[in-house]
Amino acid sequence: MRKEFAVIGLGRFGGSICKELVDQGVEVMAIDISEEKVGNFANIASHAVVADTTDEQVLRELGLRNFDHVIVAIGDDIQSSILTTLMLKEIGVGYITVKAQNDYHEKVLRKIGADQVVHPERDMGRRIAHKILSNNVLDYLELSDEHSIVELVAGDTLNGNTIIDLDVRARFGINIVAIKRGRDINVSPQATDPIQKGDILIVIGADSDINRFEKNLMDEK
Ligand code: ATP
């Protein structure tokens, strides 16, 4: 069965989610209180509807209770975001993802039962900070307050070493889960394969362990 999605709030964030879902071939209902915003999505989404989603009757009329996943991307108007989420929860939507503006907003959203709370500006800020702090870090994905997945570029120090030589699990408590070389990505690297300078190592572990690995085995730039 095809899944049905709805995006409420067609600002930059909600709009980009809506476009990407459509590009991936799924049906999306796009909803916004602004006629102009909805007009921009008339030719993109399966249905584009002008509606104030803080009104429970409106949500029922739109049939949102039958949707598998509703994304609430209302930003500045925190009250509308919270009310909309609460109503969606009450009418029984299967899964609700909500964009939070700040930590208090996030707390309230979790209390009222949002299934997933995202914080795009904060998360992107953190990712960029990690890249700024180390030239070896190409990308960073936070898994929890203490664990992440990081992409690191191998330099001279690692060149020619195998995962066995490096003994990263025992020495640093981290795992090299994949190695990118040019356009190829090896998702189950053999422990005996030599690493080459310029390879991108995808590493998972505790932040402190990844930092130790980086300090010991990555080249200073
Ligand atoms: P972005 O950063 O993603 O551009 P933003 O964080 O600035 O967005 P807003 O522009 O405040 O977020 O809100 C996103 C959209 O939500 C707007 O297009 C706005 O019209 C819409 N919106 C606000 N309140 C409601 C509501 N009650 N019902 C439906 N849509 C709403």
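**View 1. The annotated domain in the predicted model.** In UniProt, an unreviewed entry places the feature "domain: RCK N-terminal" at residues 2–118, and the chain shown here is a predicted model. Over residues 2–118 the chain is 41% helix and 23% strand, while the C-alpha atoms at the two ends of this stretch are 24 Å apart.

**View 2. The ligand in its pocket.** The ligand sits in the largest pocket, with 18 residues around it, of which R12, F13, D32, D76 and K99 come nearest. Sorted by character, the residues of this shell divide into six nonpolar, six polar and six charged.

**View 3. Backbone atoms facing the ligand.** A polar backbone atom of R12 is 2.7 Å from an oxygen atom of the ligand, and a polar backbone atom of D76 is 2.9 Å from an oxygen atom of the ligand. At T53, a backbone N or O atom lies 3.2 Å from a nitrogen atom of the ligand. Taken alone, the ligand would expose 640 Å², and the protein buries 85% of that area.

Definitions and conventions. Residues numbered from 1 in each chain as written. Predicted model: local features only at pLDDT ≥ 70, side-chain atom pairs only at ≥ 80, totals over all residues. Heavy atoms only, no water. Near = heavy atom within 4 Å. Polar contact = N/O pair within 3.5 Å; in protein donor to acceptor, adjacent residues only side chain to side chain. Areas by Shrake-Rupley, 256 points an atom, 1.4 Å probe, with all protein chains shown as cover. 1 Å grid on protein atoms, 1.4 Å probe; cavity = no way out; pocket = protein on both sides within 12 Å on 5 of 7 lines; lining within 4 Å. Sits in = over half its atoms within 2 Å of the grid points. Nonpolar A, V, L, I, M, F, W, Y, C, P; charged D, E, K, R; others polar. UniProt positions renumbered as here; feature names shortened; annotations may be inferred. Helix = DSSP H or I, 4+ residues; strand = E, 2+ residues; numbered from the N terminus.
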